[in-house]
Amino acid sequence: MTSDPFAAFKNRQREMWASFAPTAAFTPPVAAHLVRFAGVAPGESVLDVGTGTGVAALTAARAGARVRAIDLTPALLEMAKENALLAGTTDVRFDEGDAEHLPYADASFDVVISQFGHMFAPRPDLAVAEMRRVLRPSGRVAFATWPPDTLIGRTFQFIGRNSPPLPAGVSPPALWGDRTVIAERLARDFDDVTFDRGTMIIPALSLAHYRAFVERSVGPMEKLVESLAGSPERLDAIRQEFEAISEPHYDGNVVSHEYVLTRAAARSSAPAP
């Protein structure tokens, strides 16, 4: 990544998301929804972009697909390999790499999926172009993202308000949950854009219990809390604000997180510029 203007940003992401595994433990139902929505069939070649701990990749493999998976963070890839052993799906290949520079040949895959992964690439146009490049002419893309008007989207906004601004040129991840934005981003390279929604739940005994979990396992929140270690009053105010944001989504010892699924068919030829 030495010639990549966002190399330093990606290096920070690589470090920041290393603690994500506890949150990933709640995503297997989302992965099942995504793989089913994508229509993954036995024998198809699938790429999982931003695989994390391999949840979506292993779900696709158990559906009979031939799967490759890629992520920026080596620590998560090691966990993905351990999960593969436990799931009995050791034929999945996990690669370290970048959604903006996929290390695969053109037209290599029938399906590209991403479960809350590609949305963190700083340049959506490059991520979309790369996903289309590695798809066969009859291929399709499907991904799960967090809408800006739901708890995770509001959490992104909350962290953004209380953290240094993103580097110039980096697109906010939550925009990947806006259906209008998604359609615009896919318009050049894809047709037949279809949406669905679902809810991921995280058990919690209280709002403080949920907040403590997020502080330990969601990289941007973890970094925000670390940055306020020397300002206890400010940290306390931040924690109270976060719990207030989370409160409408908490009921019956469960915090609900709505997500959006997108599926689109690769266009055989892109329109002229």
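## Trp 146 and its stacked partner

Trp 146 has a relative accessibility of 7% and therefore counts as buried, the cut-off being under 20%. Its partner Phe 116 reaches 9%, so Phe 116 is buried as well. The structure is a predicted model, and every value in this report is computed from that model.

The two residues form one of the ten aromatic pairs that a search of the whole structure returns. Their ring centres lie 4.0 Å apart and their planes meet at 10 degrees, so the pair is classed as stacked. Phe 116 sits in the loop between β4 (109-115) and α6 (124-133), while Trp 146 sits in the loop between β5 (135-145) and α7 (151-161). With these positions 30 residues apart, the pair joins distant parts of the chain.

## Other aromatic contacts

Phe 143 and Trp 176 make an edge-to-face pair, with 5.4 Å from centre to centre and 75 degrees between the planes. Phe 143 belongs to strand β5 and Trp 176 to the loop between α7 and α8 (179-186), so this pair ties together parts that are 33 residues apart in sequence. Both Phe 143 and Trp 176 are buried. The ring of Trp 176 also has a charged group over its face: Arg 185 lies there, 4.8 Å from the ring centre.

A similar arrangement is found at Phe 37, where Arg 263 lies over the ring face at 4.4 Å from the centre. Elsewhere, Trp 17, Phe 20, Phe 120 and Phe 156 are joined by ring pairs into a cluster.

## Two residues of strand β4

Ser 114 lies in strand β4. Its relative accessibility is 0%, so Ser 114 counts as buried. A polar atom of the Ser 114 side chain is 2.8 Å from the backbone oxygen of Val 49. With residues up to four places away in sequence left out, Ser 114 touches Leu 34, Asp 48, Val 49, Ala 142, Phe 143 and Ala 144. One of these contacts, Phe 143, is the residue whose ring pairs with Trp 176.

Asp 110 is also in strand β4. At 15% relative accessible area, Asp 110 is buried. The side chain of Asp 110 makes a polar contact of 3.0 Å with the side chain of Arg 136. Beyond its neighbours within four places in sequence, Asp 110 is in contact with Glu 44, Ser 45, Leu 135, Arg 136, Gly 139 and Arg 140. The C-alpha atoms of Asp 110 and Ser 138 are 7.1 Å apart, although 28 residues separate the two in sequence.

## Helix α4

Helix α4 covers residues 55-62, and six of its eight residues are buried, so the helix is largely enclosed by the rest of the structure. The buried positions are Val 55, Ala 56, Ala 57, Leu 58, Ala 60 and Ala 61. Gly 64, just after α4, adopts a positive phi of about 100 degrees.

## The internal cavity

One cavity of 30 Å³ or more is found. The largest cavity holds about 660 Å³ of space. Its lining comprises 41 residues, and those closest to the centre are Trp 17, Phe 20, Phe 116, Gly 117 and Phe 120. Of these, Trp 17, Phe 20 and Phe 120 are members of the aromatic cluster, and Phe 116 is the stacking partner of Trp 146.

Several elements each contribute at least two residues to the lining of the largest cavity: α1 (7-16), α2 (21-24), β2 (66-71), α7, β6 (190-203) and α9 (207-217). Helix α7 gives the most, with four residues.

## The largest pocket

The largest pocket has a volume of about 810 Å³. It is lined by 29 residues, and Ile 159, Ser 163, Pro 164, Leu 166 and Pro 220 lie nearest its centre.

Helices α1, α7 and α10 (219-227) each supply at least two residues of this lining. Here α1 gives the most, with five residues. Both α1 and α7 also appear among the elements that line the largest cavity.

Note on methods: Residues numbered from 1 in each chain as written. Predicted model: local features only at pLDDT ≥ 70, side-chain atom pairs only at ≥ 80, totals over all residues. Heavy atoms only, no water. Phe/Tyr/Trp six-rings, centres within 6.5 Å; stacked < 30°, edge-to-face > 60°. Buried < 20%, exposed > 50% of the residue type's maximum accessible area, 1.4 Å probe, protein only. Lys NZ or Arg CZ within 6 Å of the ring centre and 35° of its normal. Polar contact = N/O pair within 3.5 Å; in protein donor to acceptor, adjacent residues only side chain to side chain. Contact = heavy atoms within 4.5 Å. 1 Å grid on protein atoms, 1.4 Å probe; cavity = no way out; pocket = protein on both sides within 12 Å on 5 of 7 lines; lining within 4 Å. Points joined across faces, edges and corners; volume = space filled by probe spheres on them.
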